[in-house]
Structure formats: structure tokens, C-alpha cells
Amino acid sequence: MDKKEKSTLRKLKHKNYEGFLLIIRGIETGIAAGLVCVLFRFLLSKAEEYLYIIINAVKESPLKSALWIAALAVLGIAVSLIIKIEPDSGSSGIPQVTAEIRGIISPKWWKVIIAKLFGSTVSVFSGLSLGREGPSIQFGAMAAKGAAKITRADKTTELRMLSAGAGAGLSAAFNAPLAGVMFVLEEIYKTFDKAVLCMAIVAAVVADFISKLFFGQDTVFSYQSETIPLKWYWLLIIFGIISGLFGAFYNTFMIACRDLFAKIKKIPQWVKFAFVFAVSGIVGLFLPQVLCGGHSMVQLLIAERPGIMIVLGLFAAKFIFGAFSFCSGAPGGTLYPMCVLGAYGGAAFAQAAIALFGMDSALWQDFAVLGMAGLFASIVRAPVTGIILVFEITGNINTLLPLAAVSLISYAVADALGSTPFYTALVERIEQGGNAKAEVKKSEKVLKTYVIPTGSPASGKTIAELDWGKHSVIVSVERGETPITPKGNTELKAGDSLVFMISQRRFAQTCKKIENAINGESGENSK
């Protein structure tokens, strides 16, 4: 047995101080992720600030406007070249992180950070309807990976730090540590692991603290809230259904547009990017409100409370321009633009309810907030994360019950329609495209924990009855606080935590096979 296998086995024996080590790793992850994300937030704030300064300076002059559009086309070409050099620096960043944790890809962490910092900053400076949260999640993960590499952590610890770093990135982007932790479990890691949870909590809190040191403690979205009377709760059901329907449409439309853009291979990538960035310049001259993540749209909504026709018009413009920006593959996130769409959808619904049913006009801002959570739940299919995220970015507890109601209804509607979750669809395309192959160290094994959910086909069966794949072995079964030595005749029950030792050579395929065994799914890739 070589040194790396012995190192892997030692992780099973050090239970006495494992919690301490996880806390230390969480602090490392939080500091690394927090500092990179703070730099990114600073660059984006300056990029957006100078963008509007330039637009105001050139919009009255046709010649200056033409020169500005031409300059943006050149910037688009530069971004396309950066993405060609480092493909995993394009687009949102969230699916790339998920793909790496599943063992599908393994990019160079420092290359991604440098390329993404440049690409995302230039994309926002050019006005593309993209946000900071997706790149922040990827920055957090890559910074954590860098810390793991520098400290020579084993692969199991590195993957845990990647997951925790992703949550720390979201925490630093929105000052939302709880949402960062939940996002790791619900969207990135997709299973419960005490070690990942412990590390993610520490990393998210540390990253949030670092972010607040630089940007203050104000919430991202401030508004005047009112308690929604129970007599209007029936409107929450209708609004939840509408949010679910639109979320399903959003996913289908965005993914279809992305696929269509990718299929146009006759046109070189640099030409596509030059066109997209030039169009962004034209949009900025005529409708600057829809540029970037949507901060100016939020300010307009809260400060001026525009009429329903203006709200719907800006909603449509933001949706179309957001789809155009995202489908190009330019570096930037979709979560905040998605939240802005939700806010405008909620405001429009509230104004219609006020006009048709006599609802109190003071409640319109509450419905704007509910729209954020409802759309997040139906598009991302992570309702708990959406509820917590919106609660943290608004800092208001009065809407917690309505948030839960709208989010869960919206989630159920989108799920019933069979809509593939947004980031799941993007991960599938990364797997099919294969921009980069996973890093493989044949002698090193990875420990990964899975929890058997209620209703799992694995519940009630023995370990020997299930096909876990040739490249994995169950090294521990935890039932509550009681560890059980795994044997072939050990009967599994719902709630059991299974710790697998998986070969890194077949990590992605083996993980999929284990998930299929636990969740009762099947497919060619699991073979």
C-alpha cells in the first residue's frame, strides 16, 4: 500500500480531532474565497460605474456612440480569446463547479480566476445582462482549490473545500452566509455530508465577514415591508402557479437559445462575441436600465414605483436581453438578473391585484420580494436556498411564511411540468462537451458520503444486493450517531449515511452509479 492510500485510510481513524481540522480548513477556504470575491465585487462596481459615465458622455453624439460600439466589439473579441484559452472561465461558473465536484472536469484554478476576473469585468463594463453571483461561486471554489493545492490537501479534502468555497462565494456576493451553506447542500453537493456542512458553515461565515469589512453590513435589497393579511393568502397560490409556469418556460427558452447559439458553428466565436458586445452597446444607448445585473432596475422599481405597463415592458426587455447575453457564453452570472425578473414579475402581479381585487397598495413591494424567491425556486429547483437567500438579502422576517408558500408552489408546478433544473441542464452539456478532463491520480482514493433518503429503493436492501460499481467500496455506515461496520448482509435503512471510498480513475462514473442505486435512476452513463 503506497503513501497516498495510507493517507486516505488515516482519514477514517482521526475522528477525535476531525472537527478541528474541518474548522481550520473552513477558515482557509473562507479567507481565500472572501478575498477573491471582494476583489471581484470591487472591480464590478467600478466597471458598472464607468459604464454609465461613458454612456452619458457619448449618447448625444452619433460619432462618439459609433466609436463606443466599435470599442465594445473589440472587447468582445478579447473576451472570446480569453475563453478560447480557458474554456471553463466562460458562462456562469456554477455548472463548472458542480461538474468538477462530480469529477467531470478539473481546470487549473489560477487560470480560471485570472480569465474569469478579466472576462466577467469586461462583460459587465460592456453592459451585458449578467450578474456577479455565478462567477463569485466559481471564484470561491477555485480559490478554495488553490488553498488545497498550496497546502497539499488530499483529494477528499480538496473536493470538500471546493464545495465549501462555492458556498463562501455566494455568501460574499450577497452577504448571505446561510444561503451559501444551503446552496452547497441543495444545488452543488446534492447530498448531506456532516464534514462538508461543517466546513461550509465556517467558510461562509468567514467570507461574509470579510465581505462586510469592505462593503458594509447593509442588505443587498432594502424595501418597506408590510405584513400580508391572511385574507390575501389565496393570491399567493395564484402567484406561485404563475411563477412556476414562467420558471419552466424560462428554463426551456434559455437552454434552447444556448444550444442554438452553440450550433451556429459556421460563424467564428470571435465574430459572435463582437456582435453580442456591439448589440449591448446599442441597447445601452436606448435602454440603459436593463444593462448589467439589474441594480438600476431595482432602484427604479423601489424609488419610483413605475406603472404596470412600464414594469411589464422592462420585464420583457430584461428577459430578452438577459437571454441574449447568457446564450453568448460570456462570463457572468444569471442569478441576480433572475431575481430582478422575479421582482418585476411580482410588482406587476401586485399592481394587477390592487386594480382588480382592491388589495392594499402598500403590499406591492412584498410581492416583488416574493417574485424573487418564486422564480428562483422554479428555475434553479432549490426552494429552500431561494427562501433563505431572499430572506437574507432583504433582512425581513415578516415575509418568511409567504416566501415559503410561493416558493414551494412554484417549485411543485415547475417540477410537475417536467422542466429540467437550469444548472442541471448546463452540467449535462458540460459532460457532453467535455471541455477538460478530470485530474487523475491513480493511487489516490476519494471519500464521499451519501445519505439514503426516505422512499429510496436502497432502503430495506442489503449492501450485497445493490450494484455500487467495481471502483467503490463502503467503508462506513452511520445510523444516527451509531457507526456500523459494513458487511454484505448489512440491511440499509432510510437516513443511513454511507461513506464510500471511490477510485479517482472512475470517480465521475462511479458517483453516478451510486446515485442511481440510491435514487432508483437508470441510464447508459451509469453502466
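**Exercise 1. Determine which residue of S4 is the bridge partner of Ile474, and describe how S2 and S4 pair.**

Solution. In this predicted model, Ile474 has Phe500 of S4 as its bridge partner. Strand S2 covers residues 472-479 and strand S4 covers residues 497-503. Six bridges join the two strands, and the pairing is antiparallel.

**Exercise 2. State in what order the four strands of the open sheet lie, and explain why one side of S1 and of S3 has no neighbour in the sheet.**

Solution. Step 1: strands of a sheet pair through backbone hydrogen bonds, in a parallel or an antiparallel manner. Step 2: here the order is S1-S4-S2-S3, and the pairing is antiparallel. Step 3: S1 (445-451) and S3 (482-484) are the edge strands; each has a single partner strand, and therefore one side of each lacks a neighbour in the sheet. Step 4: on average, neighbouring strands of this sheet are turned by 25° against each other, direction ignored. Step 5: helix H19 (residues 507-519) packs on the sheet and touches S1, S2 and S4. The direction of H19 makes about 20° with that of S1.

**Exercise 3. Establish how many bridges join S1 and S4, and whether the residues of S4 are buried or exposed.**

Solution. Step 1: S1 and S4 are joined by seven bridges in the antiparallel sense. Lys445 stands opposite Ser503 of S4. Step 2: in a regular strand, side chains alternate between the two faces of the sheet. In S4, Ser497, Val499, Met501 and Ser503 point one way, while Leu498, Phe500 and Ile502 point the other way. Step 3: seven of the seven residues of S4 are buried, on both sides of the strand.

**Exercise 4. Check whether the span of H5 agrees or disagrees with its number of residues, and list its buried residues.**

Solution. Step 1: helix H5 (residues 109-125) has 17 residues, which at 1.5 Å a residue should span 24 Å. Step 2: the C-alpha atoms at its ends are 24 Å apart, so the span agrees. Step 3: the buried residues of H5 are Val112, Ile113, Ala115, Lys116, Leu117, Gly119, Ser120, Thr121, Val122, Ser123 and Val124. Step 4: Gly127 follows H5 and has a positive phi, near 95°.

**Exercise 5. Describe how the axes of H4 and H7 cross, and name the residues that meet.**

Solution. Step 1: the axes of helix H4 (residues 94-101) and helix H7 (residues 155-174) come within 10 Å and cross at roughly 160°. Step 2: angles over 145 degrees count as roughly antiparallel, so H4 is roughly antiparallel to H7. Step 3: the crossing of H4 past H7 is left-handed. Step 4: Val97, Glu100 and Ile101 of H4 meet Leu159, Leu162, Ser163 and Ala166 of H7.

Notes. Residues are numbered from 1 along each chain as its sequence is written. This is a predicted model: local features need pLDDT of at least 70, side-chain atom pairs count only at pLDDT 80 or more; totals for chains, interfaces and linings use all residues. Side-chain values use heavy atoms; hydrogens and water are left out. The expected span of a helix is 1.5 Å times one less than its number of residues. Buried means under 20% relative accessible area, exposed over 50%, partly exposed in between (1.4 Å probe, protein chains only). Two strands pair if DSSP finds at least two bridges between them. Axes are lines fitted to C-alpha atoms, for helices over the stretch in contact, and angles run from 0 to 180 degrees between N-to-C directions. Contact means heavy atoms within 4.5 Å. Angles under 35 degrees count as roughly parallel, over 145 as roughly antiparallel, 65 to 115 as roughly perpendicular and the rest as oblique. A crossing is left-handed if the near helix is turned anticlockwise from the far one by less than a right angle, and right-handed if clockwise.
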